[in-house]
Amino acid sequence: MARRMPPVDVVLVGFGWTASIIAQELTDAGVQVLALERGAWRDTVPDFATDHIQDELRYAVRKQIFESPERETLTFRNNASQTALPMRHLGSFMPAAGVGGAGVHWNGQCWRFLPQDFVIRSHTEQRYGKGFIPADMNLQDWGVTYEELEPHYDRFEYLCGISGQAGNVNGQLVAGGNPFEGPRKRGYPLPPLERSASTVLFDKAAREVGFNPFPCPAANASRPYRNPLGVQMGQCTYCGYCEWFGCGNYSKASPQTTILPVLLRKDNFHFRTHCNVTRVNTDSTGKRATGVTYVDVEGNQIEQPAQMVVLCAFAQHNVHLLLLSKIGQPYDPVSNTGVVGRNYAYQITSSVDVFQKERLNPFMGAGALGQAIDEFNGDNFDHGPHGFVGGGYIALWNTGGRPILQHYLPQDAPKWGAGWKKAMHENYLTACSIATHGSVMSYRTSYLDLDPTWRDVYGNPLLRLTFDFQPNELKMSGFLTDKAAQIGRAIPGASIHEKKRQGPYSIVPYQTTHNTGGAVMGDDPKTSVVNRYLQSWDVPNLWVMGASVFPQNAGYNPTGTVGALTYWSAEAMKRYLKNPGPLVTT
Amino acid sequence: MNHDPARRDFLRLVGVTVPAGMVLCACGGSGTDAHGGTANAFFAPGEMDFIQAATARLIPTDALGPGGDKAGIPTFLDLQLAGPYGRAERWYMQGPWPTGIDGQGYQLRFTPAQLYRQAIAGIDKHCRGKYQQPFVGLTGEQQDEVLRALEGGKVDLGDVPSKTFFNLLWQNTQEGFLADPAYGGNRDFAGWKLVGFPGPRYNYVREIGEYGKPYQQPYVSLIGRAPGTALAHAGEAS
Amino acid sequence: MGAALRKALALASLLLLALLCTACSHDRDPAAPSAVKLGERMSPGPWGQISRGRYLVRAGDCEACHTAPNGAPFAGDRAIPTPFGTIYSSNITPDPETGIGNWTDEDFYRAMHEGIDREGDHLYPAFPYPWYTKLSRDDVLSIKAYLDTLTPVRQVHRHNELPWPLDQRGLMAMWDGMYFQDGTYQPDPKRSAQWNRGAYLVKGLGHCSACHGDKNFAGATDMDDPPTGGYAENAYAPSLAGGVRDGLGSWTEQDIVQYLGTGRNSRTSAAGPMAEVVEQSTQYLSKPDLEAIAVYLKSLPAPKDASVATVDKDTLDRGAALYVDNCEACHLKQGQGEIGAFPPLRQSSAVQANSADTLIGVILDGARIPQTTAEPTGLAMQGFADHLSDAQIADLNTYIRNAWGNHAEAVEADHVADLRETLRKSP
């Protein structure tokens, strides 16, 4: 029998980026908010302090800052004919546990999606015809437009203190920025980061080839910053320990460095750590959420009643919770009906390693320090001759030069022994790598459901991931990689190693933590779990945040769009809370 | 007051309770304690012989600097396998245990520590069968031959695919060479000096724009710079 | 109970405490007295008096000493370490038996003005009546009016842990006879009303020299001496006098207002006990009052600068290397800090103070800039107690105190060892 806690107005499942934003917004509106976090409390000092955070082995290799699969993992297979097996340790992606979520260990690569990305189905049909879209591709519009999200992108960027160069302000192109970006109302709050030697190489080469390189938008503060909430950030020192680390310098935007100093002072906000939510509870009609049940650190089952529930966990965990709670119709890939678990997507990446003679000091870097080109993202180019949907950016990221995982060796270098040693000696300081970062569309055959065999530490079935790269994506990624190689070859004295992404998808090597879909947003309850305000079609006082609502994945890192959607949804929640009815319509 | 924060840091980082002699071994480079016995945290003496020999072949000593054995990698591996990593503490280790495809990742029921134990015994057995010697007794060329066979998945190690073991050994060897010296490997910054990584320095605001220039500060670990380098950089004081 | 849970519980209780401390206190009190109306009743009626009292209670930071860690606010029982022993603060909630519920206005005024309690016993000067005696009667009674509105809490006063003969209250009468001069603040007619208001706050309710002033062997502060620095709670409160090197000589009035109001300015940030003072007290002072304090403090003359021995080069070299490895990333190459984030060390009066104890304490245990309503970010620095030896911390301190034009006495390893031990034992 679960213990029952006193009811609250709003309960948030998870306490990362989306929960922090929702909590800040709703407490300002006078609502009582409680966040339940499965991991531990964490703060810059002592948890990410500079006397120990720069430890590649502990954090990046042994993965101590991420979620622990020991308690809860997923099973994986490429297609329905295989038996899915448990992901026994992390590999392809790195979800977080603990306050701040993945907002603690992200790089800070903070993009806006393109205006066409939000209307990709109608845009593609209009430009290329219906027949251009493969039959098994569940391509859909988002139900929200770039124009509607623009003010919310702006809010998130000013919250985080993004360093960057605008390319399009109110329709006016600005030199040095991304000429393909959607129009923004104003520039970034901070100027771009300093350029490292390798990003300068990339910039020159890309210009030579005829592209328009620009500094990538970075949630690593290029100057000391004070955000609109009054929270201060320090200037990034280019230490090279952003991605997979917490920032010890208050320079990388995270809930801790942008919201929590204000949020935690409010008496209508509370949070509890080590509380793993296992169910969203509904009343007898199944149409109204009554709260959640969680397991605390001592294994007690506890019921937390609430007027409204917001799922703010990582993408696949939100979907897992919906499936376990039997909210919404689970997706059936055979009939292509049902919605929960439908349209899982990911990111497709590849790289071109560059070997040249100039000393680059790769260890001077930042998580989002990079130069990029956007000529081949979204529908910025004519797809007609190529026969695929989607695209991506090409960038040289200089995130750091951590020697265990961040060294590049020529293709012909021996794998071990004296030859390996010599290659390490000759290349560590001078090699760099150009990355491609491509979109992944949604397919009938890519989905999430419950595994029939393996269980988590709470006795619940694990989530099962069925996913593979489809021909459309491999073709697109190959195209991007060739373009990246073109830039690589334009670097003086360079020899390159083109590393195209090959199928099938493997869960072993790290690619990105850009898992999307499974609880997607849209205008049609037959093909989406939540409406355009991220409110459940079935249970109107339940909302779902995060990249699980992406109908398919665009060619950019997701966090900027996750932040914008959260602010967008928070506005709708405020309207809903004034007049709790079935669904927000305006 | 006897206060040695470096040692406390070292133990905290390694995350394992070890005999006092072990720490001396880690810091001083000797695998033998005052009583003449070995004081490893995990490896049995014969296993340590294999590790010493194998890491010396995987990263040999040459004109570019010390090899894996001299860089403290055996100590690193010993401590790692004795700790939470060796026990697979963060891994999902629930059965059943069917065999999967490569893309589904590790599916063996062995923890890393168990895997090493099983594999080293199998390798020595294989060497005795083929060369009438344990691995440590072979010539360098023969040892390389065995390592290449392991790498190619051609040695029968019972339940452990030899390729899986080789990949883990090589991955952990690189870790020991290139991780912070606080973990017992990368002794005297051997790995970092080879490549030119200065260690956990924390502010390159000025230097990042000095394209092509070597970075000047001495190598540093989470537990400080090497003794004696303090005065070598007296110019910083002004 | 797991370590993580303990941590979460500790955090939760801290948060609760923070909420209790700051609940309904986010707005500046509209009834706060203006700078020039020294000692006058501000508005008629009990609410005016109560809200005025609340403001004054904050200005005097009464809650800090009269609240135990995790205890009920104002219920006392906080251990106050003194060089002579531990004194426990009293319960000043209106509980009739264990608090001040039965105290008359006259009882309360006598305690504040003369340091004598309701029973006629002499109080220990850990209670800063040598400063509070300067308060106007109106202010004292406003404080009482506010305290009377608190929820009564039963909390029996714990016996002080003092050795004989200090445990004899009679001795305090002698102490008072030798060191204590009662008397309400008398405005200096040659000075402005603003200056007088500042002096009233600094020398009275603010009791600044209790920490920032020198104390004699009997723990007494000479009220006529300028506050040229003093030891307080295992730290050293730097000089507030006009010295350029180790005082407020180079600060502007605006620097002082910003520091007291937000816990930070372009010169330094509050650390140690002062961080708590800013969080609980000075951030709530009205701008006119902060400006008055600034005007008064800036009028204090510079004492003759102490002569400081030159430090040997080897020590500075060792310290410089430690600085590069451990500090430079945030405080930067020339100790200039990062304005808007991390405090400068160069030309810092706190760094060059007569004693390095605060600096040593910060390096050992870390520090957090106070979180204030105006500046909510509690930027923090980790401690290096587990990282650096006593000798290293001494070298590092000596370097920081003598680099980039700084000049101050060197620090010895033995002294760091002593302070490390003291801080380890303190709660």
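I will talk about a sheet in chain A, then the contact between chains A and B, and then two domains of chain C. Please keep in mind throughout that this is a predicted model.

Let me begin with chain A, where an open sheet of 6 strands is ordered β8-β16-β17-β18-β15-β21, with antiparallel pairing. At its edges are β8, residues 214-215, and β21, residues 495-499, each of which pairs on one side only. If we look at the β8 edge, 2 bridges join β8(A) to β16(A), residues 370-373, and these two strands run antiparallel; within that pairing, Pro215(A) stands opposite Gln371(A). Across β15, β17, β18 and β21 of chain A lies helix α11, residues 471-489, which runs at about 150 degrees to β18(A).

Turning now to the contact between chains A and B, we find that 53 residues come from chain A and 48 residues from chain B. On the chain B side, helices α7 (162-178) and α8 (190-195) each supply at least two residues, and by class that side consists of 29 nonpolar, 12 polar and 7 charged residues.

Finally, chain C is assigned three domains, namely domain 1 (30-179), domain 2 (195-298) and domain 3 (313-425). The centres of domain 1 and domain 2 of chain C, taken over C-alpha atoms, are separated by 21 Å, and 25 residues of domain 1 are in contact with 27 residues of domain 2. On the domain 1 side of this contact, α2, α3, β1, α5 and α7 of chain C each supply at least two residues, and that side of domain 1 has 18 nonpolar, 3 polar and 4 charged residues.

Conventions
Residues are numbered from 1 along each chain as its sequence is written. Chains are lettered from A and ligands numbered from 1 in the order in which they are written. This is a predicted model: local features need pLDDT of at least 70, side-chain atom pairs count only at pLDDT 80 or more; totals for chains, interfaces and linings use all residues. Two strands pair if DSSP finds at least two bridges between them. Helices (H or I, at least four residues) and strands (E, at least two) are DSSP runs, numbered from the N terminus. Two residues are in contact if their C-beta atoms, placed from the backbone, lie within 7 Å. Axes are lines fitted to C-alpha atoms, for helices over the stretch in contact, and angles run from 0 to 180 degrees between N-to-C directions. Ala, Val, Leu, Ile, Met, Phe, Trp, Tyr, Cys and Pro count as nonpolar, Asp, Glu, Lys and Arg as charged, and the others, Gly among them, as polar. Domain bounds come from an automatic or database domain assignment.
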